[in-house]
Amino acid sequence: MPYFNLTDSINLISKITFRRVWNGLKVVGSYQISKWGGKTVQWGYPVSISFEPTTSCNLRCPECPSGLREFTRPTGMLKKDFFRETIDDIYKDLLYLIFYFQGEPYLNPDFLLMVKYAHEKGIYTATSTNAHYLTDEKAKQTVESGLDRLIISIDGTTQEVYQQYRVGGTLDKVLEGAKNIVKWKKALKSKTPFIFFQFLVVKPNEHQIEEIKKLGKEIGVDQVRFKTAQVYDFENDPNQLIPVNQKYSRYKKDKNGKLKVKSGLSNHCWKLWHSNVITWDGLIVPCCFDKDATHQLGNLEMQSFKQIWNNDNYRQFRKELMTSRKNIDICSNCSEGLKVWED
């Protein structure tokens, strides 16, 4: 589950119901039995899901399949009616909904309508944006939608540094969008969304860590958070992104000088029990590391969510996680268990 401070935690707690607590206990219990009991079981439904508003994006970030236009799956927009049908099926058990997988959510014209619908169902809602579309009007609509958490990706405090990773982006637009959100949150006397800058620490920007903390305070965001960067070809690091400061690196050298993921790779993973990801066109995949939807566990066009959650594909994938996770390709670069630093 993502990091929460006190204010954000109180907001999340307000979404809790007896049914959601009971569902969470079943999920935790079944995972522990699967981890230690030698037999894979699944009780309950996910506590958290990610829904992809779109695969489209205005930027061309070097480690992002959406930005690089490298998907083999089609690009498209999540339809609000399709979204509502799925939410109606699972909202009573669902606590946390992330409106993000790949792409820029605000490019979907129905995005905030879907946020509002989930909010009215009592679900905690979050999204991540590059903030290029947070106009004054959109910022007002965002606050009015009931969105609980807004992550603004800002990977530099100067245009020169920012554009080295956020290729095609304009820092001034990001700052303007952040200011618009802060302004409307105050004007509407709203406690939400909880706003934070997310700073993806890479070699070109690691010298600006203290500067982004100051900038966040000046603008009035609620928090600045630092995140380690995923590098696909980390053994070679072709884009020279892995930072020198090991505190902010997802990778470390072994005794032979070869880079490896710090978190290691145990034969178990909590994600397959408590969460999943749904693409804009209804494909259900294990987690956010399956960016091209290569491990399709079901299709909402053909089955309901609850049918998919316990189908043969899911059962087999959970079993593989507990027995031979090292053979699953999307797990090789996984950062699950790594600390993310908050300030």
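Helix H7 (residues 171–187) has a long list of buried residues: Leu171, Val174, Leu175, Gly177, Ala178, Asn180, Ile181, Val182, Trp184 and Lys185. Here, buried means under 20% relative accessible area, exposed means over 50%, and partly exposed lies in between, using a 1.4 Å probe and protein chains only. An α-helix has 3.6 residues a turn, so residues three or four places apart point the same way. The cover over the buried residues of H7 includes helix H5, strand S4 (149–153), helix H6 (159–165), strand S5 (194–201) and helix H8 (209–219).

A word on the source: this is a predicted model, in which local features need pLDDT of at least 70 and side-chain atom pairs count only at pLDDT 80 or more, while totals for chains, interfaces and linings use all residues. Residues are numbered from 1 along each chain as its sequence is written, and side-chain values use heavy atoms, with hydrogens and water left out. Helices (H or I, at least four residues) and strands (E, at least two) are DSSP runs, numbered from the N terminus.

How far apart are the end C-alpha atoms of H7? They are 24 Å apart, which agrees with the 24 Å that its 17 residues should span at 1.5 Å a residue. The expected span is 1.5 Å times one less than the number of residues.

Now to the partner helix. H5 (residues 136–145) packs against H7 at an angle of about 50°, and their axes are 8 Å apart. H5 is therefore oblique to H7; angles under 35 degrees count as roughly parallel, over 145 as roughly antiparallel, 65 to 115 as roughly perpendicular and the rest as oblique. On the H5 side, Asp136, Ala139, Lys140, Thr142 and Val143 make the contact, meeting Asn180, Ile181, Lys183, Trp184 and Lys185 of H7. Contact means heavy atoms within 4.5 Å. By class, the residues of this contact are four nonpolar, two polar and four charged.

Some backbone details are worth a look too. Just after H7, Lys189 has a positive phi of about 50°. Further on, the peptide bond from Thr192 to Pro193 is cis, with omega near 0°, and Pro193 sits in the loop between H7 and S5. Two alanines with positive phi are set out below.

| Residue | Phi | Loop | Relative accessibility |
|---|---|---|---|
| Ala131 | near 70° | between strand S3 (124–129) and H5 | 1%, buried |
| Ala293 | near 55° | between strand S10 (283–285) and strand S11 (298–299) | 3%, buried |

Conventions:
Axes fitted to C-alpha atoms, helices over the stretch in contact; angles between N-to-C directions. Nonpolar A, V, L, I, M, F, W, Y, C, P; charged D, E, K, R; others polar.
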